[in-house]
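Please find below a colleague's note on this structure, arranged as numbered points. The sequence and the structure are shown first.

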Amino acid sequence: MKYRTLGRTGIEVSEVGYGAWGIGGVQWTGGDDEEAKLALNLAIDQGLNFIDTALAYGDGHSERVVGEVVRSRSERIYIATKVPPKNREWPAAKVPLQEVLPAEHIIKCTEKSLRNLGIETIDLQQFHVWRDEWTEDGEWLEAVTRLREQGKIRYVGISINDYQPWNAMKALRHGHIDAVQVIYNIFEQAPQDELYPLCRELNIGVLARVPFDEGGLTGAIKPDTVFPETDFRTWFFRGDRKRKVFERVEKLKALLGPEAETLPELALRFTLSHDAVSTVIPGMRSTRHVTSNISLSDGRRLSAELLGRLKESAWDRTEDW
Ligand SMILES: NC(=O)c1ccc[n+]([C@@H]2O[C@H](COP(=O)([O-])OP(=O)(O)OC[C@H]3O[C@@H](n4cnc5c(N)ncnc54)[C@H](OP(=O)(O)O)[C@@H]3O)[C@@H](O)[C@H]2O)c1
């Protein structure tokens, strides 16, 4: 496993981290806790030291599973979690900060996450939604300052709304945010334009999320793929979306070769090939996926030529999705 510095926090994180949404159950069907614990333990055995979870994942279930595994290990594992929006709306609508992230809610949720995780300090507490116009509202800063002083959190991050990489730039310039989490994959390349240069300039850590586009970039989504009704992917790949994903992924197969032999390899190597990225956090509930993803952390990056060709696969979801 290779390690990278998480921006100005100075923490050395494994460049492949663990996305723990799937192991929260509920929104991701088809897994179970025993399999999740096996996968997490195997990942840690293989050098993974960074886990991204959230209070909202299975209403604390993901945090409880993560906490149980981390507490049973002697290695230093860094945990990032998130404060959900008080009004439970993703992404946040154009409403005042007080309706979504009031100070007492930030504090209450952090304390709940600490109990779920069974630890004393959260390494990175993130806002699960954000609107940049909230930057100047002192309430969030007051809450995280208090939590830091009490030793309940170490660093603060923003998990940027889907396909809005511009919607945290003001907060980053404000100077109190240590890391951002953003969708970054072969389809969603927009963070390269402005967000990543700013993160490099300000030394902000970057968690690249959804590297497989919720499974689409692994080749698992066909026009007739069906998920259980309660599964998040039924909603995500609704309407004509499965066909759209499938057709784009079919074209990507022409780029497989010596640099990346399979679609999952191409997708993960793409995200690891950008210097601004501190860690990529795939969801991986199976031990098979853990082993194959971590094996790609070998320091080899995609060539400029292949990255140039992949640029043509960028897909503006704000226009066509
Ligand atoms: N708003 C937010 O803050 C937000 C939103 C979304 C996600 N996230 C974070 O980002 C993380 C990653 O996103 P995600 O889990 O939604 O999606 P993802 O990482 O793009 O895709 C996960 C899917 O890819 C499969 N997979 C993993 N490795 C594979 C491999 N080598 N070959 C084939 N298939 C493979 C997984 O299967 P198995 O699970 O069956 O192994 C799962 O079905 C989340 O877990 C969460 O921590 C944050």
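The points below treat the sheet, two of its strand pairs, two helices and the surroundings of the ligand.

1. The model is predicted, and the remarks that follow should be read with this in mind.

2. The sheet is a suitable place to begin. It is open and consists of 8 strands in the order β3-β4-β5-β6-β7-β8-β9-β10, with parallel pairing. At its edges stand β3 (residues 18–19) and β10 (residues 279–281), each of which pairs on one side only.

3. Two neighbouring pairs may be followed in detail. Strands β4 and β5 are joined in the parallel sense over 3 bridges, and Ile-51 stands opposite Ile-79 of β5. Strands β6 and β7 also run parallel, here with 5 bridges between them; in this pair Phe-127 stands opposite Ile-158 of β7. Strand β7 is mostly covered, since 6 of its 7 residues are buried.

4. One helix should be viewed together with the sheet. Helix α4 (residues 103–117) lies across β5, β6 and β7, and its direction makes an angle of about 140° with β5.

5. Which residues of helix α2 are buried? In this helix, which spans residues 61–71, they are Ser-62, Glu-63, Val-65, Val-66, Gly-67 and Val-69. The cover over these buried residues includes helices α1 (33–45) and α4 (103–117), together with strands β4 (50–52) and β5 (78–83).

6. The packing of α2 against α4 deserves a point of its own. Two packed helices are described by the angle between their axes and the distance between the axes. For α2 and α4, the axes come within 7 Å and cross at roughly 45°. The two helices are therefore oblique to each other. On the side of α2, the contact is made by Glu-63, Arg-64, Val-66 and Gly-67, and on the side of α4 by Ser-113, Asn-116 and Leu-117. Sorted by class, this contact has 2 nonpolar, 3 polar and 2 charged residues. Glu-63, Val-66 and Gly-67 of α2 thus appear in the contact and are also among the buried residues of the helix.

7. The last point concerns the ligand. How many residues surround the ligand, and which are the closest? There are 26 residues around the ligand, and the closest are Gly-19, Trp-21, Arg-209, Phe-212 and Gly-283. By class, the shell divides into 12 polar, 9 nonpolar and 5 charged residues. Helix α11 (residues 287–294) gives the most to this shell, with 3 residues.

How values were computed. Residues are numbered from 1 along each chain as its sequence is written. This is a predicted model: local features need pLDDT of at least 70, side-chain atom pairs count only at pLDDT 80 or more; totals for chains, interfaces and linings use all residues. A residue is near a molecule or strand if its C-beta atom, placed from the backbone, lies within 6 Å of it. Helices (H or I, at least four residues) and strands (E, at least two) are DSSP runs, numbered from the N terminus. Ala, Val, Leu, Ile, Met, Phe, Trp, Tyr, Cys and Pro count as nonpolar, Asp, Glu, Lys and Arg as charged, and the others, Gly among them, as polar. A residue is buried if 20 or more other C-beta atoms lie within 10 Å of its own, exposed if 12 or fewer, and partly exposed in between; C-beta atoms are placed from the backbone. Two residues are in contact if their C-beta atoms, placed from the backbone, lie within 7 Å. Two strands pair if DSSP finds at least two bridges between them. Axes are lines fitted to C-alpha atoms, for helices over the stretch in contact, and angles run from 0 to 180 degrees between N-to-C directions. Angles under 35 degrees count as roughly parallel, over 145 as roughly antiparallel, 65 to 115 as roughly perpendicular and the rest as oblique.
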